[in-house]
Structures are given as C-alpha cells and as structure tokens.
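Hi,

Here is the structure I promised to pass on. Have a look at it first, and then read my notes below.

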Amino acid sequence: MKTHASSMAVTVFAAACVLCFSQVSPAQKSPDMRIISNDYGVPGSAERFELKAAIVREKLDTALLPAMRAHGIDMWIVLDRENHPDPISESLGGGSGVRTAFIFFDSGSDKPEKIYLSSHELGANSVVSQVYDVKKYYGYSKEGLMPLLREAILKRKPKKIGVDESITLPDADGLTVTLRDFLVEAAGPEYARRITSAELVVRDFRLHRTPLELASYKRLLEWTSRWQTEALSAENIRVGKTTAMDIAWWLQDKALQEHLTGSGSPRIVREGELLPLEDPSMTVQPGDIISIDGGMKYLFYNTDIKRTVYVLKPGETELPASIQKAWNDTLAIAELYRSKMIPGSIGHVIWEDLAKEYGKKGYGVGYPDSGGRAVASTAPEVGIYGHSTGNSEHDIGTRIATDWPMAYGDRVRYPLQLGEWYSEEFHVSTPIPEWGGKVWYARFEENMRVGPNGGEYIIPRQDKLLVIPSATQ
C-alpha cells in the first residue's frame with residue numbers, strides 16, 4: 001500500500017519527466033506526409049512462425065548436406081551464448097540459452113542429423129521443437145553444456161568439424177575466442193585437431209535458395225517496391241513543403257504500421273547538385289529528382305532496392321527529353337550488367353569486363369568510396385558496385401567490384417552461383433544540357449536471382465521514372 005509521501009513522489013517525478021521531454025526538440029516531420037493504411041497483407045505471428053519453421057526445415061534438409069560435402073566437413077557446430085547469438089543462428093531456428101550448440105552431422109543419409117543443445121527448454125511454438133531431431137536441455141546445472149557437447153562429438157566421431165571462423169565473411173565469423181576455447185576443451189585433443197573453418201559451408205548454405213525462400217523474398221520485394229513508390233507519390237509529397245527527412249520518417253512509420261521494419265535514404269538531385277542527405281531545411285522543389293535507397297525486413301530477409309521520381313516544373317506534363325534519355329541510357333547500362341550475371345563468373349572479372357565495355361561507350365569508371373558523389377561533375381560516368389543480398393542488405397556471396405582485398409576480401413574472387421540473390425547496383429552520371437552540362441547522378445538498384453543465361457529480376461524493375469505534378473498544376 002502506497003503512502004501519501006510516495007504518491008506525491010511519483011506525481012513530482014511524472015511532472016518532472018513531462019517537463020524534461022517537453023524540452024527535447026521533436027523530430028522534424030511535415031504534417032503533409034500522411035500514413036495511409038493500404039493493408040499489405042503481412043502475415044501475423046502464428047502464420048509467420050509456421051512459415052519460418054517450414055523454411056528452416058526445407059533449407060536444412062536440402063541445402064546443408066551439399067554444402068558440407070562439397071567442402072569435406074561432416075560435422076558443423078555453431079555455438080552462441082545468451083545475448084550474443086551467432087549471425088547464422090536465426091536461419092538455423094534461433095532459440096536462447098546460457099550457452100547453445102547447433103550441431104549438424106552427415107551420417108550418410110539424405111538429410112543431416114540436427115541436434116540442439118541448450119540450457120532452456122523451448123516450447124511447441126519454436127522452430128527448434130518443430131525441426132530438430134535431438135533436443136537436450138541442461139538447465140542451470142553445475143556441468144552446463146560441456147558434457148552434452150563432448151558426448152555429441154565422441155558418439156559421432158566426425159572426421160572434420162566446421163566452425164564459424166572467417167576473415168572474409170561476417171556471417172560466417174560468429175565463433176568467439178572464448179567459445180572456441182570451450183569447444184576445444186569439450187572435444188578433447190584428438191577432435192580439436194579436426195576443427196576447421198566452415199566459412200564456405202556457410203556461404204553455400206546461405207546462397208542455395210529454396211522455393212519457399214524465393215516465394216517469401218518475392219513477396220517482401222513487392223511490399224518494398226510498393227512502400228517506396230507510395231513514399232514518392234503525389235499523395236504524400238507536397239512540393240515546396242515536404243523535405244527529404246519527412247520522407248525518411250514516413251518510410252519508417254509506414255513499415256511499422258504494416259507490421260514490418262524498414263528504412264530508406266532519400267536523395268535529392270537539384271540541377272546537378274546532390275543535396276545533403278535528409279536535410280530538414282530543404283523542401284522538395286519543381287525539377288528535383290528524388291531517389292530512395294533502402295529496404296524492408298521480414299522473417300530472415302532484407303531487401304535493398306531503389307525507386308526514383310521526377311517533380312514536374314510548371315508547364316511540364318511529362319519528363320524533359322534530356323531526363324528521359326538519361327534514364328533510357330541507365331536502363332541500357334542495367335541490361336549490359338544483367339547479361340554478365342552468369343553462373344561461374346568471377347566477381348572482379350565481371351567488374352573489369354563491365355568497366356571496359358562502359359569505357360568503350362564513353363563512360364569513366366567510378367567507385368563506391370566516393371562518398372555517394374560522382375567523381376566528375378560534368379563527365380559521363382558509371383559506378384559499379386553490385387553485391388550479394390537476401391538475409392542482409394550486403395550478404396556473403398560474390399561481390400562485383402574491383403579486386404581490393406582490404407575492402408572486399410575474397411568475395412570478389414567468388415564465382416556466381418546459380419539461383420543466388422544479387423543486388424544489381426550502380427550509378428550513371430549523365431550530363432544534362434539544361435543544367436549547364438552538370439550531370440544527373442542517376443541511382444539504380446534492383447534485386448535479382450542468377451539464372452542460367454544472366455540475372456533474372458525477382459520482381460519487375462523500375463522501367464519508368466515516377467512523376468509528381470508541380471505545385472501549380
């Protein structure tokens with residue numbers, strides 16, 4: 001029972017908090033950017049769980065053994081601990097515990113044996129309970145995980161034990177020093193000598209995309225394209241009032257409303273000038289070109305695409321011919337890029353071939369280290385920086401870039417794999433006569449899968465620039 005004094009204290013504290021928060025400057029948001037519910041049809045928790053479980057089961061049963069056998073690893077052990085999960089653990093079913101071991105063993109059958117060892121028992125509404133063959137929980141016992149881990153190893157007598165250590169791939173580098181020491185002690189001297197990096201197992205497991213994965217990712221891409229298109233619509237952007245920061249906040253709020261998460265970076269080009277990112281003091285003006293770079297997160301997946309809009313000037317009813325031609329040239333650059341996405345092609349070799357071919361067309365070559373700005377403000381240029389995508393915006397497959405080991409590691413030396421997901425990303429700087437020859441820094445990015453004859457867009461690419469009428473129309 002509260003005393004009068006304690007009640008007074010709570011009242012004073014609450015008043016102080018109101019005063020404190022009232023002094024914090026709110027995020028600057030225009031009242032013109034409205035959140036309109038369009039009902040994207042995003043599944044609820046139960047349906048998401050069933051889909052997650054189905055994806056993990058399909059993935060482990062069809063993609064893992066080929067990856068393990070290709071690299072001579074018959075046991076893969078992923079270790080994590082409370083509040084510090086391995087980057088790949090969510091794709092394996094997740095869970096939580098003081099210390100947790102996901103173990104996969106090739107017993108010679110057509111599916112891996114799936115073993116889960118952890119401290120806390122998981123309920124029926126967990127992926128692990130639905131998918132794993134062996135589930136053992138040690139609770140807050142004195143011995144902890146070690147005897148269970150040792151037993152799992154000694155019973156199966158693996159020839160080679162793969163663990164998540166990698167210089168090149170962040171998602172294959174989750175094993176900490178202390179957990180590696182823990183594994184070495186649990187395994188004992190004989191089996192500790194058999195521990196090796198599983199980085200290429202992780203890569204191939206990740207890049208082997210299953211039918212359920214592709215269907216889920218396509219759905220997310222459709223939501224993402226709709227979300228960015230709505231953000232750049234006349235219903236949401238008020239010329240002379242809306243700022244790039246308004247658009248950025250709208251993207252986050254709209255994603256949350258649709259039971260997703262997502263963010264995007266709106267970039268305004270004004271007569272050849274790249275305006276500062278999300279500047280709250282600069283409003284959208286006639287003649288501006290606005291692009292959004294970003295994506296949404298759903299289940300295990302992240303998208304990464306761009307959509308672009310032109311704001312008509314008073315008296316204009318369609319795109320200026322120079323802008324339309326620049327966009328057509330951008331699509332031609334995209335088509336040449338797409339045609340090079342052949343399975344087995346090496347990342348940096350693709351980049352070098354594209355650089356030569358774009359050079360023959362009169363373009364200079366730009367790099368992603370230019371801070372988001374074209375190197376030259378009046379010369380034609382193409383910047384090529386495609387990347388693997390899917391479970392993160394920048395995933396762990398092939399990188400199409402120049403061969404800079406300190407920047408990209410071995411990823412530029414990986415071959416493209418049939419069916420892997422890829423972000424075709426580049427910029428094209430095209431001189432615009434009405435801008436005194438200054439370039440339009442056109443940004444292009446679409447997600448595709450690597451097909452037998454080149455890249456295949458998972459959803460239709462943006463073929464036409466979006467258009468917003470001017471304020472006076």
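**Aromatic pairs**

Counting ring pairs by centre distance gives 17 aromatic pairs. Keep in mind that this is a predicted model. Take Trp76 and Phe104 to begin with: the ring centres are 5.4 Å apart and the planes sit at 35°, and since stacked needs under 30 degrees and edge-to-face over 60, the pair is tilted. Where do the two rings come from? Trp76 belongs to strand S1 (residues 75-81) and Phe104 to strand S2 (residues 99-105), so this pair ties together parts that are 28 residues apart in sequence. Trp76 and Phe104 are both buried.

For another arrangement, go to Trp404 and Tyr408. Their centres are 6.5 Å apart and their planes at 5°, so this pair is stacked. Are these two residues buried or exposed? Trp404 has 34% relative accessibility and therefore counts as partly exposed, while Tyr408, at 9%, counts as buried.

Back to Trp76, because there is more around it: ring pairs link Trp76, Phe102, Phe104, Tyr116, Tyr132, Tyr137 and Phe205 into a cluster. One of these rings also has a charge over it, as Lys59 lies over the face of Phe205, at 5.3 Å from the ring centre. You can find a similar arrangement with an arginine: Arg99 lies over the face of Phe182, with 4.7 Å to the ring centre.

**Strand S17 and its partners**

Next, please look at strand S17 (residues 439-451). It is mostly covered, with twelve of its 13 residues buried. Which strands pair with S17? Strand S16 (residues 421-431) does, in the antiparallel sense and over eleven bridges; in that pairing, Trp421 stands opposite Arg449 of S17. Strand S18 (residues 454-457) also pairs with S17 in the antiparallel sense, over four bridges. There Gly451 stands opposite Gly454 in S18. S17 and S18 form a hairpin, and two residues lie between them.

**Helix H8 and Gly262**

How does the span of helix H8 (residues 211-231) work out? At 1.5 Å a residue, its 21 residues should span 30 Å, and the end C-alpha atoms are 30 Å apart, which agrees. Several H8 residues are buried, including Glu213, Tyr217, Leu220, Trp223, Trp227 and Ala231.

Trp227 turns up again at Gly262, a residue of strand S7 (residues 261-270). Setting aside neighbours within four places in sequence, Gly262 is in contact with Trp227, Leu251, Gln252, Ala255, Gly295 and Met296. The C-alpha atoms of Gly262 and Thr303 are 9.1 Å apart, although 41 residues separate the two along the chain.

**The chain as a whole**

Finally, some overall numbers. The chain has twelve helices and 19 strands. It runs to 473 residues, and 52% of them count as buried. Its accessible surface comes to about 21,000 Å², with 55% of that belonging to carbon and sulfur atoms. As for contacts between residues at least 6 apart in sequence, 70% join residues at least 24 apart.

Cheers

Definitions and conventions: Residues are numbered from 1 along each chain as its sequence is written. This is a predicted model: local features need pLDDT of at least 70, side-chain atom pairs count only at pLDDT 80 or more; totals for chains, interfaces and linings use all residues. Side-chain values use heavy atoms; hydrogens and water are left out. Rings of Phe, Tyr and Trp (its six-membered ring) pair if their centres lie within 6.5 Å; planes under 30 degrees apart count as stacked, over 60 as edge-to-face and the rest as tilted. Buried means under 20% relative accessible area, exposed over 50%, partly exposed in between (1.4 Å probe, protein chains only). A charge sits over a ring if NZ of Lys or CZ of Arg is within 6 Å of the ring centre and within 35 degrees of the ring normal. Two strands pair if DSSP finds at least two bridges between them. Contact means heavy atoms within 4.5 Å. Accessible areas come from the Shrake-Rupley method with a 1.4 Å probe; for residues, only the protein chains shown count as cover. The expected span of a helix is 1.5 Å times one less than its number of residues.
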